[in-house]
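Please open the structure in your viewer and keep the selection tool at hand. The tour below proceeds one selection at a time.

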There are 2 protein chains.
Amino acid sequence: MSARPRFREQFLQAREDAIVESVNRLLAEKGFEAMTVDEVVADVGIAKASLYKHFTSKEELAAAAMVRVLDRALEEVARLRGLELSAAARLQAVARWAYEQQMAGQMPALPSQNSTLRATLTGDKAYMDRLMQLSDDLGAWIVQAQGQGELNPALPPELVLYTLFARACDPVLGVMRASGAHTDAQIVDWLVATCFKGLAP
Amino acid sequence: MSARPRFREQFLQAREDAIVESVNRLLAEKGFEAMTVDEVVADVGIAKASLYKHFTSKEELAAAAMVRVLDRALEEVARLRGLELSAAARLQAVARWAYEQQMAGQMPALPSQNSTLRATLTGDKAYMDRLMQLSDDLGAWIVQAQGQGELNPALPPELVLYTLFARACDPVLGVMRASGAHTDAQIVDWLVATCFKGLAP
DNA sequence: GTCTATAAAGCGATAGAC
DNA sequence: GTCTATCGCTTTATAGAC
């Protein structure tokens with residue numbers, strides 16, 4: 001009911017975007033447990049109480065960051081849908097995209113064990129909607145690729161899907177980059193190849 | 001300089017073993033950050049101050065658990081060396097062993113980001129000795145398998161090694177088991193196959 | 001060496017003034 | 001809505017009696 005709601009809304013939206021972007025980066029850098037709310041507010045340059053007017057808990061911060069990355073993943077999926085590629089080639093492109101995001105420090109990493117975080121995520125409609133949308137999109141490509149003999153049909157589609165999700169946070173990338181012996185592009189190439197063709201020749 | 005040192009030593013050794021076994025299980029179950037020292041002492045049935053007479057920090061607890069699992073891995077490697085198998089078959093057997101350990105809740109999971117933990121581990125001679133021994137053993141098999149054309153020679157041996165270490169904590173196993181749709185043995189088979197042959201047919 | 005009790009510090013979350 | 005200041009809880013680690 002304010003006199004000039006749109007200006008105010010835009011300002012608040014921009015601030016929320018800045019918060020989520022910072023959270024995204026910190027989650028990619030140190031993970032959920034190691035990231036503190038104090039770090040986030042210091043990075044954004046606001047007071048902690050102000051942050052808690054936008055997000056009611058640390059878990060909701062992580063959920064917002066996940067919504068952001070899922071939106072970008074869905075954008076990439078939509079872009080790939082417009083290209084003339086086989087289903088397997090599209091899945092490979094998605095995997096490559098995920099590795100490149102991780103290489104750029106843009107892939108938030110969440111612990112799979114934390115129960116309160118899981119509860120917040122599963123209760124977040126925005127997150128669950130996007131997660132299911134992405135799973136459906138990739139699942140269709142997986143089944144299609146298996147039918148075309150480009151993906152092992154003996155593997156359950158869910159296992160392929162979970163494997164792709166897991167490889168998006170593959171710790172091997174960080175270790176290989178830390179060794180400093182190879183270029184980022186070379187590492188990504190190897191990881192994509194290992195994911196789809198394995199370690200065998 | 002006690003009057004009956006051997007009895008006392010044996011008792012203390014048994015208590016330390018009980019502590020490390022509990023830590024190993026808790027690390028496999030909830031990870032380093034979520035595991036609290038209070039949980040450990042409650043599980044073992046001793047007072048917290050008593051635990052700190054054996055181990056001077058939570059990080060050292062994790063290091064002791066890692067030494068334990070590395071010892072078991074080295075035992076498995078020694079066992080495999082006695083069998084008539086190709087280098088690639090031995091690596092595959094090691095991967096299978098690691099997945100089975102994880103399935104049994106015996107594979108401790110450490111965060112790769114925690115810096116104080118990393119500092120303790122790299123400063124722990126018992127841990128570093130075993131880690132380097134295992135890396136050398138597996139590295140020899142990797143180079144051998146690549147020379148025999150059973151492993152992709154285009155991949156740097158270090159990438160293969162890190163991949164095997166990473167798959168030992170592969171989160172895909174936990175998600176697949178949670179779905180409850182497949183047997184443990186079937187899941188392990190799929191994961192080993194995916195690791196070496198990839199998602200492609 | 002083991003215990004009870006407590007110190008010391010970090011962190012998530014909030015109260016209340018503006 | 002934003003700020004400062006602080007609460008309340010958890011957790012690691014230790015002091016001191018036995």
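**First stop: DNA strand D**

Select DNA strand D and display the protein around it: 18 residues surround this strand, and the closest are A47(A), A49(A), S50(A), K48(B) and Y52(B). Of the atoms of DNA strand D that come within 4 Å of the protein, 62% belong to sugar and phosphate. Please bear in mind throughout that this is a predicted model.

**Second stop: phosphate oxygens**

Now select A47(A) together with DNA strand D. A backbone N or O atom of A47(A) lies 2.8 Å from a phosphate oxygen of the strand. Move next to chain B and select V37(B), where a backbone N or O atom lies 3.1 Å from a phosphate oxygen of DNA strand D. Then select Y52(B). Which part of Y52(B) lies 2.7 Å from a phosphate oxygen of DNA strand D? It is a polar side-chain atom of Y52(B).

Having viewed these residues, colour the elements that each give two or more residues to the surface near DNA strand D. In chain A they are α1 (5-34) and α3 (48-54); in chain B they are α2 (37-44) and α3 (48-54). Which element provides the largest share of this surface? Select α3(A), which contributes four residues.

**Third stop: chain A as a whole**

Hide the DNA and select chain A. Its cartoon shows 10 helices and zero strands, so please follow the chain from the N terminus: every element named in the order α-α-α-α-α-α-α-α-α-α is a helix.Rotate chain A to view its extent: the C-alpha atoms fill a box of roughly 60 × 40 × 30 Å along the principal axes. Of the 201 residues in chain A, 45% are buried. Among the contacts in chain A with a separation of 6 or more, 69% are between residues 24 or more positions apart.

Switch to a surface display of chain A. The accessible surface comes to about 10,000 Å², and carbon and sulfur atoms hold 53% of that area. If you colour by charge, chain A shows 21 positive and 25 negative charges, and the mean positions of the two groups are 4 Å apart.

**Last stop: Q102(B)**

Finally, select Q102(B), which is found in helix α5 (residues 87-103) of chain B. Is Q102(B) buried or exposed? Q102(B) counts as buried because its relative accessibility is 15%, and the cut-off for buried is under 20%. Display its surroundings, leaving aside the neighbours within four places in sequence: Q102(B) is in contact with M107(B), R167(B), A168(B), C169(B), D170(B), L173(B) and R177(B).

Technical notes:
Residues are numbered from 1 along each chain as its sequence is written. Chains are lettered from A and ligands numbered from 1 in the order in which they are written. This is a predicted model: local features need pLDDT of at least 70, side-chain atom pairs count only at pLDDT 80 or more; totals for chains, interfaces and linings use all residues. Side-chain values use heavy atoms; hydrogens and water are left out. Buried means under 20% relative accessible area, exposed over 50%, partly exposed in between (1.4 Å probe, protein chains only). Contact means heavy atoms within 4.5 Å. Accessible areas come from the Shrake-Rupley method with a 1.4 Å probe; for residues, only the protein chains shown count as cover. Lys and Arg count as positive and Asp and Glu as negative; His and the chain ends are not counted. The place of a charge is taken as NZ of Lys, CZ of Arg, CG of Asp or CD of Glu. A residue is near a molecule or strand if one of its heavy atoms lies within 4 Å of it. A polar contact is a pair of N or O atoms within 3.5 Å; within protein, one must be able to donate a hydrogen and the other to accept it, and residues adjacent in sequence count only if both atoms are side-chain atoms.
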